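Me: Please take a close look at the ligand site in this model. I would like one connected account of what surrounds the ligand and which contacts are made there.

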Amino acid sequence: MSNLGAEIREQFPILHQEVNGHPLVYLDSGASSQKPRSVIEAIKRYYENDHANVHRGVHTLGSRATDAYEGARDKVAAFINAKHREEIIFTRGTTTAINLVASSYARSVCREGDEIVITPMEHHSNLIPWQQVAKATGATLKYIPLQPDGTITLDDAENTITDRTKIVAVTYVSNVLGVMNPIKEIAAIAHRHGARLLVDGAQSTPHLKVDVQRLDCDFYALSGHKMCGPTGIGALYGKKELLEKMDPIEFGGEMIDRVDLYESTFKDPPERFEGGTPIIAGAVGLGAAIDFLTEIGMDRIHAHDEYLAKLAYEQLSQIEGLTIYGPRDNRTGIVTFNLKDIHAHDVATVIDQEGIAIRAGHHCCQPLMRWLNVNATARASFYLYNTEDDVARLAAALKNTEDFFNSIG
Ligand code: PMP
């Protein structure tokens with residue numbers, strides 16, 4: 001039993017509405033989470049009182065905006081336990097963060113015959129950038145195979161990562177299967193072979209207490225909008241000694257040291273990687289989201305999301321003809337399934353009529369869909385504002401859907 005959802009829902013204005021004549025049940029936080037009042041207010045307050053461009057201004061608003069922006073960097077650093085604030089680069093989200101590492105770090109270190117190691121469960125954002133690096137450099141893209149339940153084993157990681165491996169890129173939590181990967185152990189294997197580990201933290205940062213020093217990953221990518229923050233802001237964590245050696249990939253204002261007619265020099269990280277006017281209000285919103293999550297406590301959020309996923313697993317597995325993908329245990333707030341041979345889009349459309357929002361499709365994981373031997377799946381994803389009642393509404397709606405298709409089929 002967990003009371004968190006019932007306690008916290010009040011703070012999320014969007015949840016208090018009817019959709020198609022029913023109270024909204026929002027089960028699509030894996031795609032994007034909803035925002036508490038404190039985050040919405042922080043962005044409003046910033047624009048109403050403090051907005052100006054950052055870093056260059058000598059006037060008061062410029063200083064306030066700079067303090068707000070740089071203060072948000074401190075919050076991200078503390079939230080994932082980075083050693084230095086300079087190790088946090090603001091990006092548009094996880095996708096941009098991974099592309100930054102692929103375009104800057106990976107392209108400079110990979111040569112023909114080198115290897116990049118990923119898994120078949122990766123989101124396209126942590127797959128296509130590595131395909132592109134492999135094509136551009138002649139490196140080989142290799143996959144740690146999946147077990148029948150969709151997990152990876154350390155034995156397979158050991159067998160796939162070699163002395164030719166330069167980069168290992170793995171998601172911490174799968175956005176389809178919900179499984180958590182053994183990141184700390186994979187980091188140790190990668191480092192033993194002289195490779196670097198990038199972690200896709202899009203689905204883990206909202207749900208788990210993340211400690212990049214404990215994990216000993218070299219890069220870590222996250223998205224603000226999945227963790228109660230606004231869209232358009234995310235971050236890349238990179239170990240200082242690596243970021244310092246990396247070249248920028250975007251050039252312009254804010255990131256330069258000195259510009260001459262034919263040559264320019266660049267600032268140290270993080271500014272070197274933040275060309276142009278940054279996402280100031282986004283960072284302020286992300287900082288407020290971090291305050292909000294921290295106050296509740298990530299351990300409590302983790303336990304709640306895991307509990308709801310387990311409850312959903314139990315209730316959904318009793319529905320005739322419903323297949324749940326991924327292991328029973330070791331999953332955060334995600335349950336992915338199909339109902340008989342009804343297309344996942346039809347399932348999602350039918351239950352939307354009852355006010356229940358779930359996602360259907362390939363979830364930006366086409367190779368994983370092929371591995372599961374399906375075109376699409378339906379996915380319910382739970383977060384801190386969901387309740388046991390939401391799970392029960394989902395289970396009842398799916399049961400109705402099954403009955404309905406039974407009656408016409
Ligand atoms: N990786 C995973 C595991 C994800 O779930 C997502 C978002 N669905 C991303 C990467 C990409 O995140 P964004 O779209 O915020 O860049």
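Reply: What follows is a description of the ligand site, with a short note on one further residue at the end. The model is a predicted one, and every value below is computed from its atoms.

The space that the ligand takes up is the largest pocket. Around the ligand stand Thr94, Thr95, His123, Ser125, Thr171, Asn175, Asp200, Ala202, Gln203, Ser223, His225 and Lys226, and by residue class this shell divides into 9 polar, 2 charged and 1 nonpolar.

Three of these residues can be described at the level of atom pairs, beginning with Thr95, which has a polar side-chain atom 2.5 Å from an oxygen atom of the ligand. In the side chain of Gln203, an N or O atom is 2.7 Å from an oxygen atom of the ligand, while for His123 the partner is a nitrogen atom of the ligand, 3.2 Å from an N or O atom of the side chain. As for cover, the ligand has 400 Å² of accessible area on its own, and the protein covers 85% of that area.

A separate remark concerns Phe337, which belongs to strand β14, a run that spans residues 334-339. Phe337 counts as buried because its relative accessibility is 0%, where the cut-off for that class is under 20%. Between Phe337 and Pro145 the separation is 192 residues in sequence, and their C-alpha atoms are 21 Å apart in space.

Definitions and conventions:
Residues are numbered from 1 along each chain as its sequence is written. This is a predicted model: local features need pLDDT of at least 70, side-chain atom pairs count only at pLDDT 80 or more; totals for chains, interfaces and linings use all residues. Side-chain values use heavy atoms; hydrogens and water are left out. A residue is near a molecule or strand if one of its heavy atoms lies within 4 Å of it. A polar contact is a pair of N or O atoms within 3.5 Å; within protein, one must be able to donate a hydrogen and the other to accept it, and residues adjacent in sequence count only if both atoms are side-chain atoms. Accessible areas come from the Shrake-Rupley method with a 1.4 Å probe; for residues, only the protein chains shown count as cover. On a 1 Å grid over the protein atoms alone, a cavity is a set of points where a 1.4 Å probe fits but cannot get out, and a pocket is an open set with protein on both sides within 12 Å along at least five of seven lines; lining residues have an atom within 4 Å of a point. A molecule sits in a cavity or pocket if more than half of its atoms lie within 2 Å of its grid points. Ala, Val, Leu, Ile, Met, Phe, Trp, Tyr, Cys and Pro count as nonpolar, Asp, Glu, Lys and Arg as charged, and the others, Gly among them, as polar. Helices (H or I, at least four residues) and strands (E, at least two) are DSSP runs, numbered from the N terminus. Buried means under 20% relative accessible area, exposed over 50%, partly exposed in between (1.4 Å probe, protein chains only).
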